[in-house]
Amino acid sequence: MATVGGMASTNAHGMRAVKYGPTSAWVLGLEVVLPDGQIIETGSVGSRAKQSSAGLELTRLIVGAEGTLGVITRLRLKLMPIPIARAIVVGLFDALEQAGQSVQAVFAAGVGPSAIEILDERCVQAINLYRPAIALPRVEALLLFEVDGNPPGVRWDAERICEVIGPFARRAEWSDETARISALWEARSLVGAAVGMLRPGSNRAYCGEDICVPVARMPETLRAVQEISARHRIPIATYGHIGGGGLHPGHLIDGRDADEIQRVLRVADEIHLLALRMGGTTTGEHGVGAARAPYMAQEHGPALDVMRRLKRALDPNGIMNPGVIFDTPALPFEMPLNAPVGEPAVAPIDPG
Ligand SMILES: Cc1cc2nc3c(=O)[nH]c(=O)nc-3n(C[C@H](O)[C@H](O)[C@H](O)COP(=O)(O)OP(=O)(O)OC[C@H]3O[C@@H](n4cnc5c(N)ncnc54)[C@H](O)[C@@H]3O)c2cc1C
């Protein structure tokens, strides 16, 4: 379960952030308890106006701060009606590069999908093992585009996407039938749990699992992740929100094997550095926490020092969520492995 305070504090994103933006786009104002016990209201929690140009945007500062600046106790959120029509386009590609070109071509054509998701070959294989009835064709990349809005607009957008991606795809087709849309989204939502089928008894290791890179560099990044996977002998199935550049590599390890744990930590390190080399970020939506804190200096340069000064100004005693974002701990594979090595886990739900 995710709380609204947690979603705001990590500035959480979902599949539809490509059109609707992250949580920060929906937070109008906050009530926050500061480290010294003072309670403040930001944005339109105090004023009730829907917009304001008055002073610094403290709402934006605190959203995404992972609880390091204060505790959010109340939020005012923007709401909108659910779009009345939806359609889905499925594109099948023999090469990752063609999938990347398709996404860029769709944006260049001026169509604004509400979601664009990618599944790599291993994910497609995993879904077929997990739910054979879905029977996805064997391809190197599968793209799902969702469009929403009014019925004629949705049909026009879906047809236009098929037209634009047609030259790159083995096959492209669209549907506005509820059953077809549900079946394809079900396939996508199963993937987090299904990847475990590729290696029975394995654990999914959540490290290096949330990078985000420029859309144009997605195919190159996916190829590089495959190369890292092969070199460290750790199977990785990758899916993500390609429309915004977000990728979730799913590393499958035997959680009882200390050597595999060390290797997957190196895999995570290489994936984080890869994201930075590509001009991206080590975390597209899950947040920094302690795991990605070692990369913040490289990711932000001198801006990290400004963040640290803000943190010290508001929380001079460092009592709010210490050890995350601003500290620079050793990388996990440089630390001794003291924790007991556990049994393989069963993941019944898709973690996103
Ligand atoms: C397997 C997995 C999958 C995930 N998938 C996604 C995803 O698809 N998209 C996505 O955006 N994120 C994802 N996340 C990241 C994260 O779980 C979400 O961002 C979620 O919204 C966090 O909410 P929570 O209530 O669980 O917060 P917690 O995990 O409890 O807390 C998250 C952070 O926010 C702080 N915090 C929590 N509540 C408050 C508050 N009221 N005031 C101040 N600080 C607070 C905590 O100190 C902590 O630093 C995933 C995480 C995991 C482990």
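**Figure 1. The largest nonpolar core of this predicted model has 47 residues.** Within this core, Ile-118, Leu-143, Phe-145 and Ile-161 have the most contacts. Several elements each supply at least two of its residues: strand 4 (85–93), helix 5 (96–108), strand 5 (115–120), strand 6 (141–149), helix 7 (151–165), helix 9 (218–232), strand 11 (246–253) and helix 10 (258–277). Helix 10 gives the most, with 8 residues. If you trace the core through the fold, you will find at least three of its residues in each of domain 2 (85–197) and domain 3 (200–334).

**Figure 2. Ile-118 and the residues it touches.** Zooming in on Ile-118, one of the residues with the most contacts inside the largest nonpolar core, which neighbours does Ile-118 touch, not counting residues up to four places away in sequence? They are Leu-96, Ala-99, Ala-141, Leu-142, Leu-143, Leu-222, Thr-238, Tyr-239, Gly-240, Ile-242 and Leu-247. Leu-143, which appears in this list, is itself among the residues with the most contacts inside the core. Apart from the largest core lies another core, of 23 residues, and its members include Leu-119, Ala-126, Leu-144 and Leu-184.

**Figure 3. Helix 6 packs against helix 8.** Here helix 6 (residues 121–130) and helix 8 (residues 178–194) come together with their axes 9 Å apart, at an angle of about 90°. Angles of 65 to 115 degrees count as roughly perpendicular, and the two helices are therefore roughly perpendicular to each other. From helix 6, look for Cys-123, Ala-126, Ile-127 and Tyr-130; from helix 8, their partners are Ala-187, Leu-190, Val-191, Ala-193 and Ala-194. How many of the residues in this contact are nonpolar, polar or charged? The division is 9 nonpolar, no polar and no charged. Ala-126, on the helix 6 side of the contact, is also a member of the core of 23 residues.

**Figure 4. Domain 1 in contact with domain 3.** The protein is divided into domain 1 (4–77), domain 2 (85–197) and domain 3 (200–334). In this view, 16 residues of domain 1 are in contact with 19 residues of domain 3. The C-alpha centres of these two domains lie 25 Å apart.

**Figure 5. Leu-69 and its surroundings.** Leu-69 lies in the loop between helix 4 and strand 3 (71–77). Is this residue buried or exposed? Its relative accessibility is 5%, so Leu-69 counts as buried. Setting aside residues up to four places away in sequence, Leu-69 touches Leu-34, Pro-35, Leu-61, Ile-62, Lys-311, Leu-314 and Met-320. For scale, the C-alpha atoms of Leu-69 and Ile-211 are separated by 24 Å, with their positions 142 residues apart along the chain.

**Figure 6. Val-164 in helix 7.** With a relative accessibility of 13%, Val-164 counts as buried. Which residues is Val-164 in contact with, leaving aside its neighbours within four places in sequence? The answer is Ala-105, Val-106 and Ala-109. Ala-224 is 60 residues away from Val-164 along the chain, and their C-alpha atoms are separated by 27 Å.

**Figure 7. Positive phi values at Ala-135 and Ile-325.** Most residues other than glycine have a negative phi. Ala-135, however, has a positive phi, near 45°. Ala-135 lies in the loop between helix 6 and strand 6, and at 53% relative accessibility it counts as exposed. Ile-325 also has a positive phi, near 60°. Its place is in the segment after helix 12 (303–314), and at 7% relative accessibility Ile-325 counts as buried.

**Figure 8. Arg-48 and Ile-82, each in a loop.** Arg-48 is found in the loop between helix 3 (44–47) and helix 4 (58–62). Arg-48 is exposed, with a relative accessible area of 53%. Between the C-alpha atoms of Arg-48 and Gly-29 there are 8.8 Å, and the two residues are 19 residues apart along the chain. Ile-82 lies in the loop between strand 3 and strand 4. Ile-82 is exposed too, with a relative accessible area of 68%. Ile-82 and Asp-148 are 66 residues apart in sequence, and C-alpha to C-alpha they are 9.3 Å apart in space.

Technical notes: Residues are numbered from 1 along each chain as its sequence is written. This is a predicted model: local features need pLDDT of at least 70, side-chain atom pairs count only at pLDDT 80 or more; totals for chains, interfaces and linings use all residues. Side-chain values use heavy atoms; hydrogens and water are left out. Axes are lines fitted to C-alpha atoms, for helices over the stretch in contact, and angles run from 0 to 180 degrees between N-to-C directions. Helices (H or I, at least four residues) and strands (E, at least two) are DSSP runs, numbered from the N terminus. Angles under 35 degrees count as roughly parallel, over 145 as roughly antiparallel, 65 to 115 as roughly perpendicular and the rest as oblique. Contact means heavy atoms within 4.5 Å. Ala, Val, Leu, Ile, Met, Phe, Trp, Tyr, Cys and Pro count as nonpolar, Asp, Glu, Lys and Arg as charged, and the others, Gly among them, as polar. A nonpolar core is a set of buried Ala, Val, Leu, Ile, Met, Phe, Trp, Tyr and Cys residues joined through side-chain atoms within 4.5 Å. Buried means under 20% relative accessible area, exposed over 50%, partly exposed in between (1.4 Å probe, protein chains only). Domain bounds come from an automatic or database domain assignment.
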